[in-house]
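Please examine the model shown below together with its sequence. The paragraphs that follow lead through its interior, its rings, its backbone and its empty spaces.

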Amino acid sequence: MGRGLAQDLAQHGFDALLIDVDEKILADAKRSIGQSLRAQLLFKRDGGEDGIDGVLSRISTFTDPAALANTDFVIENVTEKFPVKEKVYRAIDQICPEHTVFGVNTSAISITRIGSLTRRPSRVLGMHFMNPVPMKKTVEMIRGYHTSAKTVETARALLQGLGKEGILVEDSPGFVSNRVLMLTVNEAAFLVHDRVAPAENVDKIFRDCFGHKMGPLATADLIGLDTILYSIEVLNESFSDDKYRPCPLLKKMVDAGLHGCKSGQGFFTY
């Protein structure tokens, strides 16, 4: 997700800082972005006004969050675990200028709760981007309890600069998209677990009968089965409702390292 965002920002003329915990991860990210840009050119889609090298030159990589000292907008994409996000927000809140807006790219965690970790809750909002970021033109925006109208408009202006539309919803675990999607994915996993149908047939029904571009299980593989599981666990904890009980098969696959596209194996093989 962070790679796709950095690419999309750079292709639209923004200077992007890509931060992660390891230089190898960052080097791999730059290679991956270069491959994505070459694929765009191969299929005659826009690779950026300045070509591949020009786009890549606008992406700087760092392992030290101190690099954010002069940023105007931060979009956080760390794993869907609140303790990890808490550590990140407490750190960057000390580093970033007072005016910096924090966009929380989360699947299910409360934006209000994230805002409470900072001294700027009015400048914190949810920005739920979809994969692959450069190809998706709509973003789910989530207004936390303290999120200001100015912050919402600043985020809309950034999205407009990326050629995207933001749809604003109120803060509730899972928001609109994942409150529905995670239930669908989890129930689809139960169908495989209960041997009602193999993954191929579950997805084929959604594609061929309902006209979906992707079935729920291929979508889960694209998102990452670990992220899916963490999101369902957040919903289960937040609502205390058994309908969000994670499928045992999903938990087993995550424990086995079968995380979907990024690991090469999930419900399908990549």
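A convenient place to begin is Ile52, which belongs to helix H3, residues 51-57. The model is a predicted one, and every statement here concerns that prediction. With a relative accessible area of 17%, Ile52 is classed as buried, because the limit for that class is under 20%. Leaving out residues up to four places away in sequence, Ile52 touches Leu37, Arg38 and Leu41. The chain also brings Gln11 to a C-alpha to C-alpha distance of 9.0 Å from Ile52, although 41 residues of sequence separate the two.

From this helix one may turn to the interior. The largest nonpolar core comprises 42 residues, and Ile114 and Phe267 have the most contacts inside it. Two or more residues of this core come from each of the following elements: helix H4 (82-95), strand E4 (101-104), helix H5 (111-115), helix H7 (177-193), helix H8 (199-210), helix H9 (216-223), helix H10 (225-239) and helix H11 (248-255). Among these contributors, H10 gives the most, namely six residues. Apart from this core lies another, of 28 residues, which includes Leu9, Leu18, Val133 and Leu159.

What does Phe267 touch? Not counting residues up to four places away in sequence, the partners of Phe267 are Ala189, Ala199, Leu217, Asp221, Leu225, Leu249 and Met253. Several of these names return at Val192, a residue of helix H7. With neighbours within four places in sequence set aside, Val192 is in contact with Ala197, Pro198, Ala199, Val202, Leu217 and Leu249. Thus Ala199, Leu217 and Leu249 appear in the list for Phe267 and again in the list for Val192. In sequence Val192 stands 55 residues from Cys247, whereas their C-alpha atoms are 9.9 Å apart in space.

The aromatic side chains offer another view. A pair of aromatic rings is described by the distance of the centres and the angle of the planes. The model contains three aromatic pairs. One of them is formed by Phe239 and Tyr244: the ring centres are 5.4 Å apart and the planes meet at 25°, so the pair counts as stacked, the cut-off for that class being under 30 degrees. The two partners differ in exposure, since Phe239 is partly exposed at 28% relative accessibility, while Tyr244 is buried at 3%. A ring may also lie beneath a charged group, and here Arg113 is placed over the face of Phe82, at 3.5 Å from the ring centre.

Phe82 and Arg113 reappear when the open spaces are considered. Rolling a probe the size of a water molecule over the atoms shows where empty space is left. The second largest pocket has a volume of about 250 Å³. Its lining is made of 13 residues, of which Phe82, Ile109, Arg113, Val234 and Glu237 are the closest to the centre. H10, which gives the most to the largest nonpolar core, also gives the most to the lining of this pocket, with five residues.

Enclosed space is a separate matter. How many cavities of 30 Å³ or more does a search of the whole structure find? The search finds one, and the largest cavity holds about 40 Å³. The residues that line the largest cavity are Ile111, Thr112, Gly115, Pro121, Val124, Gly144, Tyr145, His146 and Thr147. H5 supplies the largest share of this lining, three residues.

The backbone, finally, has some features to note. Most residues other than glycine have a negative phi, and most peptide bonds are trans. Against that background, the bond between Asn131 and Pro132 is cis, with omega about -10°. Pro132 is located in the loop between strand E5 (124-128) and strand E6 (138-143). Phe175 has a positive phi, near 60°, without being a glycine, and its place is the loop between strand E7 (165-170) and H7. Arg195, likewise not a glycine, has a positive phi of about 60° and lies in the loop between H7 and H8. Are these two residues buried or exposed? Phe175 is buried, at 4% relative accessibility, whereas Arg195 is exposed, with a relative accessible area of 79%.

Definitions and conventions
Residues are numbered from 1 along each chain as its sequence is written. This is a predicted model: local features need pLDDT of at least 70, side-chain atom pairs count only at pLDDT 80 or more; totals for chains, interfaces and linings use all residues. Side-chain values use heavy atoms; hydrogens and water are left out. A nonpolar core is a set of buried Ala, Val, Leu, Ile, Met, Phe, Trp, Tyr and Cys residues joined through side-chain atoms within 4.5 Å. Buried means under 20% relative accessible area, exposed over 50%, partly exposed in between (1.4 Å probe, protein chains only). Helices (H or I, at least four residues) and strands (E, at least two) are DSSP runs, numbered from the N terminus. Contact means heavy atoms within 4.5 Å. Rings of Phe, Tyr and Trp (its six-membered ring) pair if their centres lie within 6.5 Å; planes under 30 degrees apart count as stacked, over 60 as edge-to-face and the rest as tilted. A charge sits over a ring if NZ of Lys or CZ of Arg is within 6 Å of the ring centre and within 35 degrees of the ring normal. On a 1 Å grid over the protein atoms alone, a cavity is a set of points where a 1.4 Å probe fits but cannot get out, and a pocket is an open set with protein on both sides within 12 Å along at least five of seven lines; lining residues have an atom within 4 Å of a point. Grid points are joined across faces, edges and corners, and a volume is the space filled by probe spheres set on the points.
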